[in-house]
Structure formats: C-alpha cells, structure tokens
Amino acid sequence: STIDLCLSIFPWARFCKSKGAVKLHTLLDLRGDIPTFIWITDGKVHDVNVLDILVPEPGSIYLMDRAYLDFKRLYELHQCSAIFVTRTKTNTKLRRIYSHKVDKTTSVRCDQTVALTGFYSKMDYPEKLRRVKFFDAEKGRSFVFITNQFMLPAHTIAALYRYRWLVEIFFKWIKQHLNVKSFWGTSLNAVKIQVYSAIIAYCLVALVSNKLKVDRSIYEILQILNISLLDKTPLNELFTNQNYQDARELYNNQLKISWI
C-alpha cells in the first residue's frame, strides 16, 4: 500500500517528480489477520522486489495480485515447496497442454494445465502451471488465475484468491483508524517508527480480541480502549459487561487528572 507524502518535506521518499510516498509491503497471515512481515520502502521500489527478501514457508499458500507476476521469483517459491495463487497479465504467453472437466455451476469456466511459451518466461519457470478462469457474476467480469497447486478443486483456487482482499482491508483499516495520515517527524526513521507503532497497536488489539474471545470488531475494541485509558476495569469486563453505546457515560467513570 502507498502512503502519500509531500516531496518537499520528505525529499528521501522518492515516488515521482512532484510527489513523494512510502510503500508498506505486507504479508498478512489470514489465520488471524495478523501481519507477519512488514517492509517499508520509498514509493519507487516495485512491489515484486519484496519476494527477494521474503523467506518462503513450505506448504504455505501465498495469494498475490498481478504486480507479483515474476516467473523467476515464483519458481523460487515453487522450489521451496510453497504454493502461490496469482492472476495472469494480458500479455502472458501460455500453451494449453490439457483441459480438465469443470462444473460451470461453480462459475469456473476452464481448468487447464499449461506451459509458458515466452522465451524468457519458460526459462525462468520450466515446469507446468495450472490456469483457472472464473466468472464473477457480482462484478460481471472474468478472472484468470495461475497457480502451482494441482490438487485442489478449481473453484477453491478462485475462492482462495478472494481472501487476498483482506490485506486491502488491513491497509484501509490502518490508514483510517490509526494515525498514519500526518507524521510527527520528517526523517525516514520517524516515519518508520510511527507506521510500526500503528501496526503494533493493531496487532495488540487483535491479540486481545483473540485471547479474550471478544465478539466485537477490532475498530470497536480500539475505540473502547481509547476512551478507557484511565479505567481500572479488567479487560475482560471492559469488553463484555458494559454497554459503550454512550461514550459520555464512560468518560464520567474515568479517573480524573488533577494539577497540583
């Protein structure tokens, strides 16, 4: 995700001639919606470069958009026994080897075993791939996925890719509810500290929610903590035993600071 900055104030945050930005490269663990990898760079660093420093976990499924379609890097994931699901580009050259039967009631249009035919791409990824075409009735458009996973049903591959949007929701949540729109310092370290502090706050709230089995959204938990900083009520009671629809009542119950 890109966080826009003023180039005259943040000259190190290169993005384009008249605009500055930093990029927040994130690997989100969907088992708990917790970021497991964060890399902050200037805006000119391409997304795919994150695969060079990411340590693949064998057996894991990596869901990526088209910006990460680099067959040399994807082949390294494959050699590490990791699974990837991404989308093809319009200029991706593929040769169909075999077509599998599909159930079109699941909106899957084709399920094929393919090989790359581009001169460099087939050198970078010499093995077979799987191509799945899926029609999304809600959006009225088709999506073409490519993966090294051949065992799962085709509709499962399409369903897996839907979960990639959770990382977009994570970025939106960070930008909307944590203070990363304005920065207290202008150096690279100052920006990193503020972004990492926001992410740490998100992780702590998510861990509290998971440990206490709180039936509230992360945003709601954060709001409750925000207006309960001086409240001595235990966390499990804070989230479950009271109604916080009226925030003014909560403020009246907080400890007051007196000046001497």
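**Exercise 1. Find which strand gives the largest share of the lining of the largest pocket, and describe that pocket.**

Step 1. Strand S3 supplies seven residues, the largest share of the lining. Strands here are DSSP E runs of at least two residues, helices are H or I runs of at least four, and both are numbered from the N terminus. A pocket is an open set of points on a 1 Å grid over the protein atoms alone, where a 1.4 Å probe fits, with protein on both sides within 12 Å along at least five of seven lines; lining residues have an atom within 4 Å of a point.

Step 2. The pocket has a volume of about 920 Å³, the space filled by probe spheres set on the points, which are joined across faces, edges and corners.

Step 3. Of its 31 lining residues, Thr 26, Leu 27, Leu 28, Tyr 62 and Leu 63 are the closest to the centre.

A word on the model: it is predicted, so local features need pLDDT of at least 70 and side-chain atom pairs pLDDT 80 or more, while totals for chains, interfaces and linings use all residues. Numbering starts from 1 along each chain as its sequence is written, and side-chain values use heavy atoms, without hydrogens and water.

**Exercise 2. Work out which helix gives the largest share of the largest nonpolar core.**

Step 1. Such a core joins buried (under 20% relative accessible area, 1.4 Å probe, protein chains only) Ala, Val, Leu, Ile, Met, Phe, Trp, Tyr and Cys residues through side-chain atoms within 4.5 Å.

Step 2. Among its 29 residues, Val 22, Leu 24, Phe 183, Val 195, Ile 199 and Tyr 202 touch the most other members.

Step 3. Helix H5 (188–212) is one of the elements supplying at least two residues, and its seven form the largest share.

Methods. Buried means under 20% relative accessible area, exposed over 50%, partly exposed in between (1.4 Å probe, protein chains only).
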